[in-house]
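Biologist: I'm new to reading protein models. Could you walk me through this one, step by step?

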Amino acid sequence: MNWTLEVVVVPVSDVDRAKAFYADQLGFNVDHDTAVGDSVRIVQLTPPGSGCSVVIGKGAVPEMPPGSLKGLQLVVADLQKARAELVERGVEVSEIQVLGENPSPTPDPLDNVGFVFFSDPDGNSWGVQQISARA
């Protein structure tokens, strides 16, 4: 039996601002933006190519302090290209960092150990790791 993680709730203070950041700046696809009256709103967004979405909203999502989610991680095949795209979209993103050493040689020295980091407008933190191929 497969167990797949497909939704992560990201706590935000302003749903519209967060939706704009994730959709316009990060390029996530807006799967739906559903309002039920004035007190419930759920926005689901999915990174291109991902099987896992993020949900932001109010009313029907768990109460967590905005900005309290740390260490979310995206994986890309080309970290330099991904970082350039984030910069072009206006995201404040770190320089590429190499964290640790590969246990075995890889075609690209950034595979498995290359990362960049950024935060959303509320301070939820994200990492982007390069993995160009999996064993």
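Biologist: How many bridges join β2 to strand β3, and do the two run parallel or antiparallel?

Modeller: Some background comes along with that. Strands of a sheet pair through backbone hydrogen bonds, either parallel or antiparallel. Here β2 and β3 (residues 40-46) are antiparallel, joined by seven bridges. For one example, Asp33 has Val43 in β3 as its bridge partner. Strands count as paired if DSSP finds at least two bridges between them. The strands themselves are DSSP runs of E with at least two residues, helices are runs of H or I with at least four, and both are numbered from the N terminus.

Biologist: What should I know about the model itself?

Modeller: It's a predicted model, where local features need pLDDT of at least 70 and side-chain atom pairs count only at pLDDT 80 or more, while totals for chains, interfaces and linings use all residues. Residues are numbered from 1 along each chain as its sequence is written, and side-chain values use heavy atoms, with hydrogens and water left out.

Biologist: How many helices and strands are there in the protein?

Modeller: Two helices and eight strands. Follow the sequence and you'll meet them as β-α-β-β-β-β-α-β-β-β.

Biologist: In which order do the strands of the sheet with β2 lie?

Modeller: The order is β1-β4-β3-β2, an open sheet of four strands with mixed pairing. At its edges are β1 (7-9) and β2 (29-36), each pairing on one side only. From one strand to the next, the twist averages 20 degrees. Angles like this run from 0 to 180 degrees between N-to-C directions, and the axes are lines fitted to C-alpha atoms, for helices over the stretch in contact.

Biologist: Which strands does helix α1 lie across?

Modeller: Helix α1 (residues 15-25) lies across β2, β3 and β4 (53-58), at about 10 degrees to β3. Contact means heavy atoms within 4.5 Å.

Biologist: And what is the strand order in the other sheet, the one with β5?

Modeller: That open sheet, also of four strands, reads β5-β8-β7-β6 with mixed pairing. β5 and β6 (97-98) are at the edges with a single partner strand each, so one side of each has no neighbour in the sheet. β5 pairs with β8 in the parallel sense over five bridges, and Leu74 has Val128 in β8 as its bridge partner. Helix α2 packs on this sheet, touching β5, β7 and β8, and its direction makes about 20 degrees with that of β7. β7 and β8 are antiparallel, with five bridges.

Biologist: How many salt bridges does a search of the whole structure find?

Modeller: Six. A salt bridge is a side-chain nitrogen of Lys or Arg within 4 Å of a carboxyl oxygen of Asp or Glu. One joins Asp122 to Arg17, whose closest N and O atoms are 2.9 Å apart. Asp122 is in the loop between β7 (114-119) and β8, and Arg17 is in helix α1, so the pair ties together parts that are 105 residues apart in sequence.

Biologist: Which residues lie nearest the centre of the largest pocket?

Modeller: Pro47, Pro48, Leu74, Val75 and Val76, out of 26 lining residues. On a 1 Å grid over the protein atoms alone, a pocket is an open set of points where a 1.4 Å probe fits, with protein on both sides within 12 Å along at least five of seven lines; lining residues have an atom within 4 Å of a point. β5 gives the most to this lining, with five residues.
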